[in-house]
Structure formats: C-alpha cells, structure tokens
Amino acid sequence: MFRQTLLPALAPISDNNANTFSHRAFFVLQQIDRKLCSALGCIDRPVSDFSAWKINSASLALDHAQEVLKNPSKQSILKVDINNRIGIAVLWPNLEISLTDPEETVIQTIEFSPSEWIPAQFQELHPNFLRTGAPALENIHTELVITLPNQVAGYRVRLFYPSH
C-alpha cells in the first residue's frame, strides 16, 4: 500500500522543475523503501499510477478522408508521444483510440496492450519491460497502423489500466 500511494505522490514530476533537494530527499526515501521491502519481504515492482502519464502529442492522418470514402480499408498511422512524468518506474498502461463520426459519436474503439503499442526496438532493448515498467521520466514515441472505417471524422486517445 505504501509503495502504491506514497511513492508516486512524493516522486519528482518532470513538469514541476523539482529542485535538487527534493530529488535527493526522494532518493533517500527510495533507499528506505528498498530496505523496508527487503526486511518485510514485499515485492519491489513498479507502481500503477495513472497520474504519472502524459500524452504529449497524438496525431492520426485523417487528411486522406476522401480516399477512405472510396476505399474503406484505407490504413492510416497513429503517432503518439507518451511520457512517464514521475521519478519512479510505473506499470505500462493500455492505449485506446476512439474513432468518431462527424457528430462525434464513437464508431469504433481500438485497444492496444503495452506489448502491442510499445515500439519493438524498445522491447528488444528491455526484454522484461512488462515486469520492470516504464523507467522514470521515460518518453516513448510510437506509430501504429490503423484501418479507418469510411465514416471516420475524428479520434480520441487515452491511456488506462484495465480492471482485472
């Protein structure tokens, strides 16, 4: 419980220009946490903290809309830049894109698990990425091929932890 709530709350956040003292204080807290975990036999694993994540940018090539109308199986590329804003490892979230029509009604939702949306190059460099989580302050850029239905006019991207 301590690790899931207190550590993310006290971790330096990249958006806040944290000072050297707060970074050092958090480093000391992490050392204490590791020693307590070792003594108490708890599992040292990444936390699941939704507030850690920030979508810096997301773009989906919708400029081929006329071509999509002629060929419903037109593929497009979703480009997303995502950042773990806090100074500790965080479990990877799922990524979801909701495709909308001109009235902003969702016509299709596509979900990607971390192993589907995290780039292959990152996965090769970090073979235990699902277990170790996103490194502190990690920034990930991904590109996903998506087949657009013919009536798509917009999209929304969100990150979430599935409830199991």
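A residue is called buried here when its relative accessible area is under 20%, exposed when that value is over 50%, and partly exposed in between. The model to which these words are applied is a predicted one, and a useful place to enter it is a pair of tryptophans, since both Trp92 and Trp117 are buried. The ring centres of Trp92 and Trp117 lie 5.8 Å apart and their planes stand at 80°, so the two form an edge-to-face pair. Because Trp92 sits in the loop between S2 and S3 while Trp117 belongs to helix H4 (residues 114-117), this pair ties together parts that are 25 residues apart in sequence.

Trp92 has a further aromatic partner in Phe122, again in an edge-to-face arrangement, with 5.5 Å from centre to centre and 80° between the planes. Here the loop between S2 and S3, which carries Trp92, is linked to helix H5 (residues 120-125), which carries Phe122, across a separation of 30 residues. Trp92 and Phe122 are both buried. The structure holds three aromatic pairs, and ring pairs join Trp53, Trp92, Trp117 and Phe122 into a cluster.

From these rings the path leads into the nonpolar interior. The largest nonpolar core consists of 28 residues, and those with the most contacts inside it are Trp53, Leu78, Trp92, Leu95, Ile97, Phe112 and Trp117. Two or more residues of this core come from each of strand S1 (53-60), strand S2 (75-84), strand S3 (94-100), strand S4 (106-112) and strand S5 (139-147). Phe112 shows how such contacts bring separate stretches of the chain together: leaving aside its neighbours within four places in sequence, Phe112 is in contact with Asn94, Leu95, Ile97, Trp117, Leu144 and Ile146.

Strand S2 deserves a closer look in this setting, being mostly covered, with seven of its 10 residues buried. S2 pairs with S1 in the antiparallel sense over seven bridges, and in that pairing Leu60 stands opposite Leu78 of S2. S2 is also joined to S5, by nine bridges and with the two strands running antiparallel; in S5, Glu143 is the bridge partner of Lys79.

Another set of strands is arranged as an open sheet of three, in the order S4-S3-S6 and with antiparallel pairing. S4 and S6 are its edge strands, each pairing on one side only, and the twist from one strand to the next averages 20°. Between S3 and S4 the antiparallel pairing extends over six bridges, with Thr100 placed opposite Val106 in S4. These two strands form a hairpin with five residues between them, and within the turn Glu104 has a positive phi of about 65°.

On the other side of the pairing scheme, seven bridges join S3 to S6, and these strands run antiparallel. The bridge partner of Glu96 in S6 is Arg158, and the side chains of Glu96 and Arg158 also meet in a salt bridge, at 2.7 Å from N to O. This contact links strand S3, where Glu96 lies, with strand S6, where Arg158 lies, although the two residues are 62 apart in sequence. What is the burial class of Glu96, at 9% relative accessibility? Because 9% falls under the 20% cut-off, Glu96 counts as buried, whereas Arg158, at 40%, counts as partly exposed.

The structure holds two salt bridges, and another of these pairs, Glu104 with Arg156, has its side chains meeting at 3.8 Å, N to O. Glu104, in the loop between S3 and S4, and Arg156, in strand S6, are 52 residues apart, so that distant parts of the chain are linked. At 55% relative accessibility Glu104 counts as exposed, while Arg156, with a relative accessible area of 39%, is partly exposed. Glu104 thus appears both in the turn of the S3-S4 hairpin and in a salt bridge with Arg156.

A last detail concerns the loop between S5 and strand S6 (154-160), in which Val152 lies. Val152 counts as buried because its relative accessibility is 11%. Although Val152 and Asp101 are 51 residues apart in sequence, their C-alpha atoms are 4.9 Å apart in space.

Terms used
Residues are numbered from 1 along each chain as its sequence is written. This is a predicted model: local features need pLDDT of at least 70, side-chain atom pairs count only at pLDDT 80 or more; totals for chains, interfaces and linings use all residues. Side-chain values use heavy atoms; hydrogens and water are left out. A nonpolar core is a set of buried Ala, Val, Leu, Ile, Met, Phe, Trp, Tyr and Cys residues joined through side-chain atoms within 4.5 Å. Buried means under 20% relative accessible area, exposed over 50%, partly exposed in between (1.4 Å probe, protein chains only). Helices (H or I, at least four residues) and strands (E, at least two) are DSSP runs, numbered from the N terminus. Contact means heavy atoms within 4.5 Å. Rings of Phe, Tyr and Trp (its six-membered ring) pair if their centres lie within 6.5 Å; planes under 30 degrees apart count as stacked, over 60 as edge-to-face and the rest as tilted. Two strands pair if DSSP finds at least two bridges between them. Axes are lines fitted to C-alpha atoms, for helices over the stretch in contact, and angles run from 0 to 180 degrees between N-to-C directions. A salt bridge is a side-chain nitrogen of Lys or Arg within 4 Å of a carboxyl oxygen of Asp or Glu.
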